[in-house]
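Subject: A structure to look through

Dear colleague,

I am handing over a structure for you to study, and below it I have set out what was found in it. Please keep the sequence and the 3D view open while you read.

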Amino acid sequence: MESSNIFSCVLFFLTAIISAIFLKQRKSFCRSKRRLLPPGEMGLPLVGETMDFYRAQKNNRLFEEFVQPRLAKYGPIFKTNLMGSPTVIVNGAEANRFILSSEFKLVVSSWPSSSVQLMGTNSIMGKQLGEQHRCIRSLISSSLNYAHLEALVPKICNTVELHLQKNWQGKDNLSLYRSTKVLTFTIVFECFLGLKVDPQMVNTFERVLEGVFKPAINFPGTKFSRAKKARQEIEKEMVKVVREKRKEMESGLEPIEKGGLTLLARLVAAMIQGEITEEEVVDNVIVLVFAAHDTTSFAIAMTFKMLAQHPEWYSRVHQEHMDILSNKGPHEGLTMEDTKKMKYTWQVARESMRLFPPIFGSFRKAIIDIEYEGFTIPKGWKVLWTTYGTHYNTDCFEDPLRFDPSRFEEGSIPPYVFLPFGGGTRACAGYQLAKLNILIFVHFVVTSYNWSLVYPNESITMDPLPFPAFGMPVNISPKMPSTP
Ligand code: HEM
């Protein structure tokens, strides 16, 4: 080859390499110019702003001390660093809609490692693939269709009446919050899942729940390691129960077809048909108790707190239940139709959950770079949506800190504004059960007991779910049959 040809070749390759480098740099420059992170502070190395977040949470002032100051400074979308993860906090109905309806496409649910280990990687909350999530979700939802809910009403009534007989009768005061925790546990376990409650089991479940949001340090003496041990005990027991149920169903003692069965039987039927595994059955039984327990009890506690503080609403609610009762025969129980007449009660309960959401929001993780409102949420970052961003927002609720259940007149709340039960793909799967639990419990208490709060201004603590600091003690006395 002539030397001029060699020179041309070298020149060609050099030009090609320089052009490629230039183009690559230009592309990445353009991308980084486009990649505008939301405003906000990342705090100290590693810990970020976690301590500020925890401090505000402990005082039940997460909105006032953490979210609101940043909202005021940076606007509705801002970045921070929580528990070692860069995180974007989004606020507002449109942002809620965007994130909550993008599950599996842009984001996946992201629970702390301790929660996943204790609830089980096979539970609905741990499912990060759309198809697997849909399968478990449809099993849970089909147990809460209209026909099943109708059948649940007498069962829940029976459980509430027995609970009041056992735990309220003959007493003049008790912890309302503790009482509702035991009751909620029994309702999920017995009425929904179809399992017999062993009183010891409640305590073992409580030990698991105590570790769910603690650092995942499996070292003797930590809350997490206590919780892990408790989970192992439950798991052992549940495996036994599931295998017994399987035997019953396979030997024809209980039919395998899915209609009309308790949720446990539906899960086991799906296992027999190869749709889900034994681990999935066990993990989902555990997760349902976790999802229902503290949330429903706190919602009930706050409903009673609000009724005590707003006597005009108590009168309406009381009258509503007396009217339902007066249309019943002596031994006639409540029906699904009766629960639909509890309009004021449900308005009060919803307004209580707006002001005191049992779950303040939840974390997602970006599975690709997300472009939203001119900002980039990079792949791998966490996204936190909060109820506060709409529940306490004057654009969404007029005079948002005022208690006014009439805001919930039929059809008056736009989508993704009122979110105590979340929204989108992962909206609460137990919403209908929680609603029945709350309405029926209020019915039996306001028609059978006079009650008053021992501490009308009892504070709320969060760890990390909210609860009344002293367990909400109430003074009670039975109503005489003729007392209005
Ligand atoms: C007042 C009571 C309750 C409240 C406030 C509540 C709230 C919530 C919220 C906010 C979510 C969404 C979490 C997220 O977006 O990551 C959720 C999910 C869930 N809830 Fe509830 N919940 C309540 C009661 C219940 C009950 C009684 C059950 C069932 C027995 C239940 C089962 C579930 C399940 C299985 C999920 C996960 C759904 C999924 O990932 O697809 N919840 N709940």
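Let me begin with a pairing of strands: strand E2 (residues 85–90) and strand E8 (residues 382–386) run in the parallel sense and are joined over 4 bridges. Within this pair, valine 88 of E2 has valine 383 as its bridge partner in E8. Please bear in mind throughout that this is a predicted model.

On its other pairing, E2 meets strand E1 (residues 77–82), and here the two strands run antiparallel and are joined by 6 bridges. Valine 88 appears again in this pairing, since lysine 79 stands opposite valine 88 in E2. E1 and E2 form a hairpin with 2 residues between the strands, and in that hairpin methionine 83 takes a positive phi near 50°. As a general point, the strands of a sheet pair through backbone hydrogen bonds, and they may do so in either a parallel or an antiparallel way.

There is also an open sheet of 3 strands, whose order is E4-E12-E9 and whose pairing is antiparallel. Its edge strands are strand E4 (173–175) and strand E9 (449–453), each of which pairs on one side only. When direction is ignored, neighbouring strands of this sheet are turned by 30° against each other on average. E4 is joined to strand E12 (residues 473–478) by 3 bridges; asparagine 173 stands opposite asparagine 475 in E12, while serine 175 has proline 473 as its bridge partner in E12. E9 and E12 pair over 5 bridges, and in E12 it is proline 478 that stands opposite tyrosine 449.

Turning to the chain as a whole, you will find 17 helices and 12 strands in it. The C-alpha trace spans about 115 × 60 × 45 Å along its principal axes. Of the 484 residues in the chain, 39% are buried. If you take the contacts between residues at least 6 apart in sequence, 70% of them join residues at least 24 apart.

Which residues have the most contacts inside the largest nonpolar core? That core has 83 residues, and the ones with the most contacts inside it are Ile156, Val188, Leu193 and Val289. Helix H12 (278–309) gives the most to this core, with 18 residues. Apart from this core lies another, of 34 residues, among them Leu106, Val107, Ala366 and Phe418. To see one member of the largest core in more detail, look at valine 188, which, leaving aside its neighbours within four places in sequence, is in contact with Leu193, Leu288, Val289 and Ala292.

Ala292 leads on to the ligand, for of the 25 residues around the ligand, those that come nearest are Ala292, Thr295, Gly422, Cys428 and Gly430. The elements that give two or more residues to this shell are helix H6 (130–142), helix H8 (176–193), helix H12 (278–309) and helix H17 (431–448). H12 gives the most to the shell, with 6 residues. Sorted by class, the shell has 17 nonpolar, 6 polar and 2 charged residues.

Finally, two single residues are worth finding in the view. Asparagine 158 lies in helix H7 (residues 146–167). Is asparagine 158 buried, exposed or partly exposed? Asparagine 158 counts as partly exposed because 13 other C-beta atoms lie within 10 Å, whereas a buried residue would need 20 or more and an exposed one would have 12 or fewer. The C-alpha atoms of asparagine 158 and serine 85 are separated by 46 Å, and these two residues are 73 residues apart along the chain.

Glutamate 237, for its part, lies in helix H10 (residues 223–250). Glutamate 237 has 16 C-beta neighbours inside 10 Å, and therefore it too counts as partly exposed. From C-alpha to C-alpha, glutamate 237 and methionine 201 are 9.6 Å apart in space, although they are 36 residues apart in sequence.

With best wishes

Notes. Residues are numbered from 1 along each chain as its sequence is written. This is a predicted model: local features need pLDDT of at least 70, side-chain atom pairs count only at pLDDT 80 or more; totals for chains, interfaces and linings use all residues. A residue is near a molecule or strand if its C-beta atom, placed from the backbone, lies within 6 Å of it. Ala, Val, Leu, Ile, Met, Phe, Trp, Tyr, Cys and Pro count as nonpolar, Asp, Glu, Lys and Arg as charged, and the others, Gly among them, as polar. Two residues are in contact if their C-beta atoms, placed from the backbone, lie within 7 Å. A nonpolar core is a set of buried Ala, Val, Leu, Ile, Met, Phe, Trp, Tyr and Cys residues joined through C-beta atoms within 7 Å. Two strands pair if DSSP finds at least two bridges between them. Axes are lines fitted to C-alpha atoms, for helices over the stretch in contact, and angles run from 0 to 180 degrees between N-to-C directions.
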